[in-house]
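Q: Please take a close look at one part of this model: the place where the two chains meet. Walk me through it step by step.

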Amino acid sequence: MNSTNQTESKIKELFEGVIIADSGKKYLLTEIDKSSTSYYETPVHPNQAYFSFIDVATQENFTGYLEQFWKESGNEEFAQAAGAISSLAYSLCVDPDSQQEDISPFIYAMY
Amino acid sequence: MNSDQYILGISAYYHDSAAAIIKDGVIIAAAQEERFTRVKHDPRFPVNAINYCLEEAFIEPGDLSAVVFYDHPVLTYDRVMKNCAYAGADSFETFSTATKSILGIKLWVDKHVKQAIGTAGQLGKVIFAGHHMSHAASSFYTSPFEEAAIVSVDGVGEWSTTTIAHGKGRDIQLLQEINYPNSLGLLYSAFTYYCGFKVNSGEYKLMGLAPYGKPVYVKEIYDHLIDVKEDGSYRLNMDYFGFLSTHKTTNDKFHQLFGGEPRQPESAITKKEMDLAASIQQVTEEIFIKIARHAKKITGSNNLCLSGGVALNCVANGKLLKENIFEHIWIQPASGDAGGALGACYVARHLYYKEPRIAPNGKTDTQKGSYLGPGFTDHEIVAFLDRNKYVYTKYSEEEKNELLAKEIDKGKILGFFAGRMEFGPRSLGARSIIGDARNSTMQSKMNLKIKFRESFRPFAPAVLREDVNKYFDLDTDSPYMLIVAPVKEEIRKPVEAHADSDDMIPVINQIRSALPAITHVDYSARIQTVHQETNPKFYNLIHAFRKLTGCSVLVNTSFNVRGEPIVCSPKDAYLCFMRTDIDILVLENYVLLKEAQPKFEESENWQKKYELD
Ligand SMILES: [Fe+2]
């Protein structure tokens, strides 16, 4: 298997092993509640909302960073996948000039 | 040893990459990458803008105290993971694309910065400022206020789509937020897409189209698409949107609600699009005003700072101003993501380094008119003109303005290039196309022969600050063209009522006021007040025009053709001049007449290069 295929299968693995396994969780607030008076939330990520550092110095450091990030926000399942995600990030890391395919002008670039 | 504190801010990888630099809290430079690469809304790492900022500050990369990025990629990835977990198996394509883009590119800002300039500053690593905190900082720290409510509304940044904060002295406290997928910006973009315009640039067209229509779909929008509370908080009904699991903002249910498939780009605009535009504009304004009222309530402030892409909706800003909820409002002119670069600098200075803020004077902002981009010396301009054997005449400032005033009065159109380029999406008289606002054919001539764009699109007036109240129902500063106000009753002209139809042309061609080129169909105008202090060159030109004609208003539109980034250099300006029906090019005090120029040979297929926006 070449490295592109390997990366593709790692993404698929992550999707099936973590994302889909976790589906059904109410991660997004989409319920329309006519009886409530407000949908405002207090800041959900106060540790990152102002400023912070991301430790990508080594793959291990980044694993640790992700683990802590998801433990702090109560996402144990994602914290357990920190090693796989960190490894994926290191294999995906590309030059900024070889950027992702062109962003379609008809969609809002969200990621 | 250099004890000055230089901070470089970067925004990149979404729609509008940019860089900004501040020195001891004072803005030195800021520019969008698109102006250098000539690729509209260029999302790539802004290496040209960064180098320009360093040059303008006259420093080496090693002199930087810190480099700050305006967005947190791990927080964004967290949102993508949870979005896909929520959406299920259908979202694999979204997950795969987002994973490659975030883990493959956005995460590695530190590395990209070091590759580009050899260092991440004296701190040795990049600071990640929150996306909405960067928006909030870009408006509060440049505002005239010591204390203010801060509202930022955009499509989405990390998780947040709407935030309310309170700024006081050097601090900003985030108070409340609305998170993805609930987004006023995405709702507006859904209509932009459905009406056949490009997202992130077409919103401005939709806003311009709104006054041609009637808000007949408002009830549908409130009944089906969004639930809004009295305090302005809201949720979208995701049954009608496709963006959780596909690349499309809307879905079939949305299309059915409004009677069919989205309009094909560049096909004829019909009454339906006009009515949809009017409807989403009204809903946006109503929500925006409710959010502002709530921000006032929870902060108790008399001042409001606005930012985020939705704050570029100057019609909504004008309505908000009229509500008198706040005594003073300041809007960051680079309210889109480009402005995040500037905000990120301030996040580092005031929140990370805890440096005190330079005391605001309560009256003027510190954005310097937003003239924060490259400027060119006489020496550079002459070298460019001589090298290419272009024909020009040099005038004194006064002679030049007298001559130009006469030419504008005769109906001539100028490409006006003066001083440092604007930061943000609007041309404010540094890189502008200028014409006579009194001229009844100016709007269609400028749209069709200069800009090559849709004929319905209105133009903005630039007016001397002291005269704004003579022509418009506005008596406040609007130096950044971010406020829409009505043309005064006294200069309006009665028009025949036109039956509702798909044909906009008879409506567009009506003469609505003594300033027909800048009077929109609903008698509104998107006003730029011109101030001697921030742009004396542009001020003096309008002043000379007033002396000659008694009129202190000119048409001001961005110096570009449709799909092209605003011109940056004399070369960009010359090319735009020769490719269009612009009559006279003004490069500082050097004046070039079209008919005197050597035969122009096109070296590239620019119509293809500048895709329609
Ligand atoms: Fe944003």
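A: Start with a caution: this model is predicted. Now to the contact between chain B and chain A. Chain B brings 93 residues to it, and chain A brings 65 residues.

How much area is buried? The size of an interface is often given as the accessible area lost when the parts come together. Here about 7,200 Å² is buried between chain B and chain A. Carbon and sulfur atoms give 69% of that area.

Next, the charged and polar links. Two salt bridges are counted between chain B and chain A. One of them joins the side chains of B:Asp227 and A:Lys34, with 3.2 Å from N to O. The count of residue pairs in polar contact between the chains is 21, with both residues at pLDDT 80 or more.

Which element of chain B gives the most to the side that touches chain A? That is helix α3, residues 73-87, with 14 residues. By class, this side of chain B has 51 nonpolar, 28 polar and 14 charged residues.

Strands also link the chains. Strands of a sheet pair through backbone hydrogen bonds, either parallel or antiparallel. Strand β1 of chain A (residues 51-52) and strand β5 of chain B (residues 127-129) run antiparallel. Two bridges join them. Look for A:Phe51: its bridge partner in β5(B) is B:Ala129.

To retrace the path, find helix α3 of chain B, then the pair B:Asp227 and A:Lys34, then the strands β1 of chain A and β5 of chain B.

How values were computed. Residues are numbered from 1 along each chain as its sequence is written. Chains are lettered from A and ligands numbered from 1 in the order in which they are written. This is a predicted model: local features need pLDDT of at least 70, side-chain atom pairs count only at pLDDT 80 or more; totals for chains, interfaces and linings use all residues. Side-chain values use heavy atoms; hydrogens and water are left out. Contact means heavy atoms within 4.5 Å. Buried area is the accessible area (1.4 Å probe) that two parts lose on being put together, summed over both. A salt bridge is a side-chain nitrogen of Lys or Arg within 4 Å of a carboxyl oxygen of Asp or Glu. A polar contact is a pair of N or O atoms within 3.5 Å; within protein, one must be able to donate a hydrogen and the other to accept it, and residues adjacent in sequence count only if both atoms are side-chain atoms. Helices (H or I, at least four residues) and strands (E, at least two) are DSSP runs, numbered from the N terminus. Ala, Val, Leu, Ile, Met, Phe, Trp, Tyr, Cys and Pro count as nonpolar, Asp, Glu, Lys and Arg as charged, and the others, Gly among them, as polar. Two strands pair if DSSP finds at least two bridges between them.
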